[in-house]
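User: Please take me through this structure. I will ask short questions and would like short reasoning with each reply.

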Amino acid sequence: MNDKPRVWVFVEQEEGQAHLVSWELLGKAGELARDLEGVLEAVVLGHGVEEVAREAIAYGAERVYLIDDPVLAYYRNQPYAHGVVQLCRKYRPEILLLGATTLGRDLAGSIATSLETGLTADVTGLEIDPESKNLIMTRPAFGGNIMASILCPDHRPQMSTVRPRTFPLPPRDPSRQGEIVREELGLSEDEVRVKRVDFIPKDRTVNLEYAEVIVSGGRGLGGPEGFDLLRELARLLGGEVGASRAVVDAGWISYEHQVGQTGKTVRPKVYLACGISGAIQHRVGMQNSDVIIAINTDPEAPIFRIADLGIVGDLYQVIPALIEAVKREKGHE
Amino acid sequence: MHLIVCLKPVPKPGTVRVDPKTHTLKRDSAQLILNPPDLYALEMAVELKETYGGKVTALMMGPPNAAELLREAYALGADEMVLLSDRAFAGSDTLATSYVLSRGIKRLEPYDLVLMGKASIDGETAQVGPETAAWLGLPSVIQVKKIQREGDHGWVVVRVREGYEEELFLSGPAVVTVEPGINDPRPPSLKRLLAVRELAPRLFSAQDLECEPEKLGLSGSPTQVLDVFAPSYQREQILLTGEPEEVAQELVSHLRTRGLI
């Protein structure tokens, strides 16, 4: 074992399928490990998940701590927290990152309390302070009106949860070599106070987070029927429909479409904001889109400051024209 | 059956101010309201009480003037009101907050279930539920949409995950957070509003709760706010102008150039 500072990523998996956010975190954590002159390591818990550990190496982990145990066959807070806390006590990582998923949020809170360390949720930026070598964690604060940078100077590990799509997916290299260290869970099924009784799959869900094109609507639509137009454009472009918090609160469209701090973080190739003014609350959820297009009647709308392409105009004129133009374009193919 | 609901006083949106020195929230100037997502947890607890009998305790950490919000919780169906209030709690991050809540919950033993909202509208961390559970050594289940009693001490809950839901059996007390929007919080009862005018919440200080002083407030908070700032973005900011048809055509050619159509 070396004494280099360890930068850890908790790899979330379900039935042997890793959540992409884990690899996105490995990409970012690799940069942090480099700046710290440390080592990038992953933590994998589950049952029959050695393949996931090998994948973590392909995505950049130099070493993977693997706890493979039937008690970990599906996620429960208590055995998962027990396993990760035990590993942290043994190896004392500097940094521990988890995905801000249902599982990650639940697990991170338990680990942070058990280790009595700080936890920062929904971080949008991570960097190492060149002088103190502390982790600077940036997140939206005070209802998404402003950004805050947060430190955890005196406790270790420095912990953050990060939403899917906040950081880009790093390249996968299956030829990469790394070490897998097997550890014991040390907890039996009788000691676990939660059991899964049933599993209820949902009907089609909106996959906003990994959509390549998002056509999003805000208050400028004037009413819920405005979304019909956006749905047509989204269908044409093979994308999903997003929405601002204001219109979800107004009941124009369901919550699963909401983009922003209280909704989803997205990173599409094209984000088309229609009638969205662009409060920070919304911007933090879509600022990493490749191309941002904004249509708004108000030339002063903050959304234009972060748009690559801006159109000051009536979306009820521009969108139908755009639908026609896209149809023509596609007809040429 | 004893159900404890943790409620957070939050500044009414639009009344928030940031202390320029400490970068923490200036709560004195803000008008406080009950954190809206907590109302679903309170309604859930009141419905459970109506089904199974027992009582609901509304528990809050906050300044003395937050007592008014506990009275509101009483009007919404809570039976007892408990306020954890002490100057030593000021400046708490989620770890220190969850520690104080866990001390308050311990003080209210025995209990069958602790319920919280999914997240607060000011901090929006969704951390306090799992952190409190860990202080108490209890299981944590976040984003629950349904709760039923199972046997004498157990619960069956439905947890919302990405793309599916799962039903979990809990063999005893746990800390759950309730998914927003899953019920219709009732309006305050006039009768209870009148009755609560005569009542005051029980008040517990750090000393009453036998808190370890180093775990409170700023000293018990591992995280520190270094700075607050407005985000900056770098984008091309090309403005397309003209008739809708021209603009649409221009947009399509931009998309085509970038290989997006």
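User: How many bridges join strand S10 of chain A to S12(B), and do they run parallel or antiparallel?

Analyst: This is a predicted model, where local features need pLDDT of at least 70, side-chain atom pairs count only at pLDDT 80 or more, and totals for chains, interfaces and linings use all residues. Residues are numbered from 1 along each chain as its sequence is written, while chains are lettered from A and ligands numbered from 1 in the order in which they are written. Strands are DSSP runs of E with at least two residues, helices are runs of H or I with at least four, and both are numbered from the N terminus; two strands pair if DSSP finds at least two bridges between them. S10(A) covers residues 146-151, and its link to S12(B) consists of five bridges, antiparallel.

User: Which residue of S12(B) is the bridge partner of Ser149(A)?

Analyst: Strand S12 of chain B spans 224-229. Within S12(B), Ser149(A) has as its bridge partner Asp227(B).

User: Which element gives the most to the side of chain B that touches chain A?

Analyst: Contact means that C-beta atoms, placed from the backbone, lie within 7 Å. Chain A and chain B each put 70 residues into the contact. On the chain B side, the elements that supply at least two residues include H3 (94-107), S7 (140-150) and H6 (244-257). With 10 residues, the top contributor is H6(B).

User: What is the make-up by class of that side of chain B?

Analyst: Ala, Val, Leu, Ile, Met, Phe, Trp, Tyr, Cys and Pro count as nonpolar, Asp, Glu, Lys and Arg as charged, and the others, Gly among them, as polar. By these classes, the side of chain B that touches chain A has 38 nonpolar, 17 polar and 15 charged residues.

User: Is S1(A) largely enclosed or not, and why?

Analyst: A residue is buried if 20 or more other C-beta atoms lie within 10 Å of its own, exposed if 12 or fewer, and partly exposed in between, with C-beta atoms placed from the backbone. Arg6(A), Trp8(A) and Phe10(A) point one way from S1(A), Val7(A), Val9(A) and Val11(A) the other way, and all are buried. Because six of the six residues of S1(A) are buried, the strand is largely enclosed by the rest of the structure.

User: Which strands of chain A are joined to S1(A) by bridges?

Analyst: Six bridges tie S1(A) to residues 39-46, in parallel, and Trp8(A) stands opposite Glu41(A) there. Three bridges, also parallel, tie S1(A) to residues 95-99, where Val7(A) partners Ile95(A). The two strands are S4(A) and S6(A).

User: Is Ala294(A) buried or exposed?

Analyst: Ala294(A) is part of strand S17 of chain A, residues 291-296. Leaving aside neighbours within four places in sequence, Ala294(A) contacts Ala273(A), Ile303(A), Phe304(A), Ala307(A) and Gly310(A). With 28 C-beta neighbours inside 10 Å, Ala294(A) is buried.

User: How far apart are the C-alpha centres of domain 1 and domain 2 of chain A?

Analyst: Domain bounds come from an automatic or database domain assignment. For chain A this gives domain 1 (6-191) and domain 2 (213-331). Their contact takes 10 residues from domain 1 and eight residues from domain 2. The distance between the C-alpha centres is 33 Å.

User: What percentage of the residues in chain A is buried?

Analyst: Chain A has eight helices and 18 strands. Of its 333 residues, the buried share is 57%.

Conventions
Two residues are in contact if their C-beta atoms, placed from the backbone, lie within 7 Å.
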